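Trainee: I've just opened this one and don't know my way around yet. Can you walk me through it?

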Amino acid sequence: MPFLQVVDRETSAQRRIPIAKAAFTIGKAPSNDLVLDKLAISRQHCEILKTDGSFIIRDLGSRNGTYVEGQRIAAPTPLADGARIDLGPVHIVFHAGEAAPTTAGEADNKRPATQTLAPATAREAGPPTRRLVPSELKKKIHERLLVDLDLRHADITQHTDEELRKKTESVVRNIVATLAAEIPLWLPHEQLVKEVVDEAVGLGPIEDLLADPTVDEIMVNNWDRIYVERRGKIELTDKCFTDNAQVIHIIRRIIAPLGRRIDESSPMVDARLRDGSRVNAIIAPLALTGPTLTIRKFAADPYTERDLVERFGTLTTQVVEFLKLIVQHRANIIISGGTGSGKTTLLNVVSSFIPRDERIVTIEDAAELKLHQEHVVSLEAKPPNIEGRGAIPIRELVRNSLRMRPDRIIVGECRGGEALDMLQAMNTGHDGSLTTVHANSERDAIARVETMVLMAGMDLPSRAIREQIASAIDFIAHLSRMTDGTRKLVGLSEITGMEGDIVTMQPIYQFEQKGFGEGGKVLGAIKPTGAIPKFIHELRARGVPVDMTLFQDLTAPPVPPPHPRQASRR
């Protein structure tokens, strides 16, 4: 009789289930022939059908999918002897031959796997499809590592990260060699060494993802659900932590050097990695599905304007030259866009256009900006301590920066009352300031700034706020994440003044979409509208040379000259 070898990767437990029916169902519901009471398993997940002496498996519309030999199936798929089936944390091997004699307890197929699985032997062989290293084995290695390295008494600050990693790896290799008899056959020793070292001196299973240049964002939804964003698309990885306790341990390892904390009384935290990557973590009681960690990676080498033009198509050469011109001549600029649209990346690039002899003060919640100028003062907001005191928000830092003799003030992101202080700074001689806001369009960005000014607690009339905005802000550059995952500058407008109670603006550049290409790729380009900014007229009046082709659509076909006969009639 054919049977299934069922292995729970969470507990390293296994059992054998005979297939005694022509239609054998698997799922969470008690009515299934094989019940798998797991979060990732649907009520009716999949079924195995016997047809003409062979077997096929088909998915029953499950949420997380059915995987055969590592590939998610979309249609009925034949099962060969030894075929590997993966359903969430459960690994199944299909056997077409006779099952070994089973105990009475094993014959009861309908008991949940989490309750009936018997412990697997340490040397049990099997395919390692996202299979977990036994936690007891890791614990034993970590305990030996603490003794051999004497980490409790050693001053690890005397070693560089690379030195500490090499030393740890050498010790772990020796420990693994002595424990070889206890290591499962399916587990490569190199994999075990790497996992233990990553946990001991790194960030565990996300170390590889941080080192992967194609990964833009890492999202941990639970210990066994790690997603990444590649080229604007989100995908589930085969990485996982040992349990949720390990996730919280890694979060605390990230935030400890910054003097921040996370616990039930303070279950949310913003932080950064050493390379400037942005980190957000949230745990219970706010995160109901488990500790959640989100890391927005930054490139090891900050992107330049050339990257945004040639690699990503975010900007054009025309737009870059225009941005250089207005930044160097101290225009106040707001960069707007949705989450993950590339606002901070563009702010980094635009900041690089600031002359190197100017004093720049940057203010952020979590330091992310990487400026190449020498005269830069970086300020970072401070969260409250364990007693809930001592917080220093961005608004206080903006006020303080005015007493630091800045030539430019750059606020990483305006989220609240600091918008009022930013506008006042722009209106009191601190021209050339830059910031970002979350908004859906250039017009929405103005409304957002107005709302944030009201958050400062000042009872100002709307017209007075709008007059401040119209006077302080010169340009708004708006970014958007397109349907194909790419990030584009879709609009760049100049604030021209007020008409009645409305702040007026004129678009200088706009993105023109021309449809979709292969694979859903968005086709189009950002082009000048033909409007000449008032700011440019003022520069020319002061004798500043300006290349007026910046405002011409160079991709448009030239207008043919009039026919000689038509010209003579005129």
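Mentor: Sure, we'll start with the whole chain and then go through some helices and single residues. Keep in mind that this is a predicted model.

Trainee: Okay, how many helices and strands are there in the chain?

Mentor: The chain has 16 helices and 27 strands.

Trainee: And what percentage of the residues count as buried?

Mentor: Of its 570 residues, 46% count as buried. Another number for the whole chain: take the contacts with a separation of 6 or more, and 53% of them come from residues 24 or more positions apart.

Trainee: Let's do helices. At what angle do the axes of H13 and H14 cross?

Mentor: Roughly 120°. H13 covers residues 442-454, H14 covers residues 462-472, and their axes come within 10 Å. Angles from 65 to 115 degrees would be roughly perpendicular and those over 145 roughly antiparallel, so H13 and H14 are oblique to each other.

Trainee: Is that crossing right-handed or left-handed?

Mentor: For H13 and H14 the crossing is right-handed.

Trainee: Which residues meet there?

Mentor: From H13 you have Ile446, Val449, Glu450, Val453 and Leu454, and they meet Ser462, Ile465, Arg466 and Ile469 of H14. Sorted by class, the contact of H13 with H14 has 6 nonpolar, 1 polar and 2 charged residues.

Trainee: What about H12 and H14, how are they packed?

Mentor: H12, residues 418-426, packs with H14 at an angle of about 50°, and the axes are 9 Å apart. That angle makes H12 oblique to H14. The crossing of H12 and H14 is left-handed.

Trainee: Which residues make that contact?

Mentor: Leu423, Gln424 and Met426 on the H12 side, with Gln468, Ile469 and Ala472 on the H14 side. The contact of H12 with H14 counts 4 nonpolar and 2 polar residues, and no charged ones. You'll recognise Ile469 of H14, since that residue also turned up in the contact with H13.

Trainee: Switching to single residues. Where is Asp484 found?

Mentor: Asp484 is in the loop between strand S24 (475-481) and strand S25 (487-499).

Trainee: It's in a loop, so does it count as buried or exposed?

Mentor: Asp484 counts as buried, because its relative accessibility is 12% and the cut-off for buried is under 20%.

Trainee: What is Asp484 in contact with, leaving aside its neighbours within four places in sequence?

Mentor: Arg231, Lys233, Gly520, Lys521 and Val522. With Val522 there's a polar detail: a polar atom of the Asp484 side chain lies 2.9 Å from the backbone nitrogen of Val522. As for Arg231, that residue is 253 residues away from Asp484 along the chain, yet their C-alpha atoms are separated by 8.6 Å.

Trainee: Next, Arg296. Which strand does it lie in?

Mentor: Arg296 lies in S18, which spans residues 292-296. At 18% relative accessibility, Arg296 counts as buried.

Trainee: Which side chain does Arg296 join in a polar contact?

Mentor: The side chain of Glu217, at 2.8 Å. Beyond four places in sequence, Arg296 is in contact with Glu217 and also with Asp216, Ser277, Arg278, Thr339 and Gly340.

Trainee: And Thr77, what does that one touch?

Mentor: Not counting residues up to four places away in sequence, Thr77 touches Phe55, Ile56 and Ile57. Thr77 sits in strand S9, residues 77-79. A polar atom of its side chain is 2.9 Å from the backbone oxygen of Ala75.

Trainee: Last topic, backbone oddities. Which peptide bond is cis?

Mentor: The one from Ala284 to Pro285, with omega near 10°. Pro285 lies in the loop between strand S17 (278-282) and S18. It's worth pointing out because most peptide bonds are trans, and most residues other than glycine have a negative phi.

Trainee: What is phi for Glu69?

Mentor: Near 55°, a positive value. Glu69 is in the loop between strand S7 (67-68) and strand S8 (71-72), and with a relative accessible area of 38% Glu69 is partly exposed.

Trainee: And what about phi of Arg330?

Mentor: Also positive, near 65°. Arg330 lies in the loop between helix H9 (317-328) and strand S19 (333-337). Its relative accessibility is 26%, so Arg330 counts as partly exposed.

Terms used
Residues numbered from 1 in each chain as written. Predicted model: local features only at pLDDT ≥ 70, side-chain atom pairs only at ≥ 80, totals over all residues. Heavy atoms only, no water. Helix = DSSP H or I, 4+ residues; strand = E, 2+ residues; numbered from the N terminus. Buried < 20%, exposed > 50% of the residue type's maximum accessible area, 1.4 Å probe, protein only. Contact = heavy atoms within 4.5 Å. Polar contact = N/O pair within 3.5 Å; in protein donor to acceptor, adjacent residues only side chain to side chain. Axes fitted to C-alpha atoms, helices over the stretch in contact; angles between N-to-C directions. Parallel < 35°, antiparallel > 145°, perpendicular 65-115°, else oblique. Left-handed = near helix turned anticlockwise from the far one by under 90°. Nonpolar A, V, L, I, M, F, W, Y, C, P; charged D, E, K, R; others polar.
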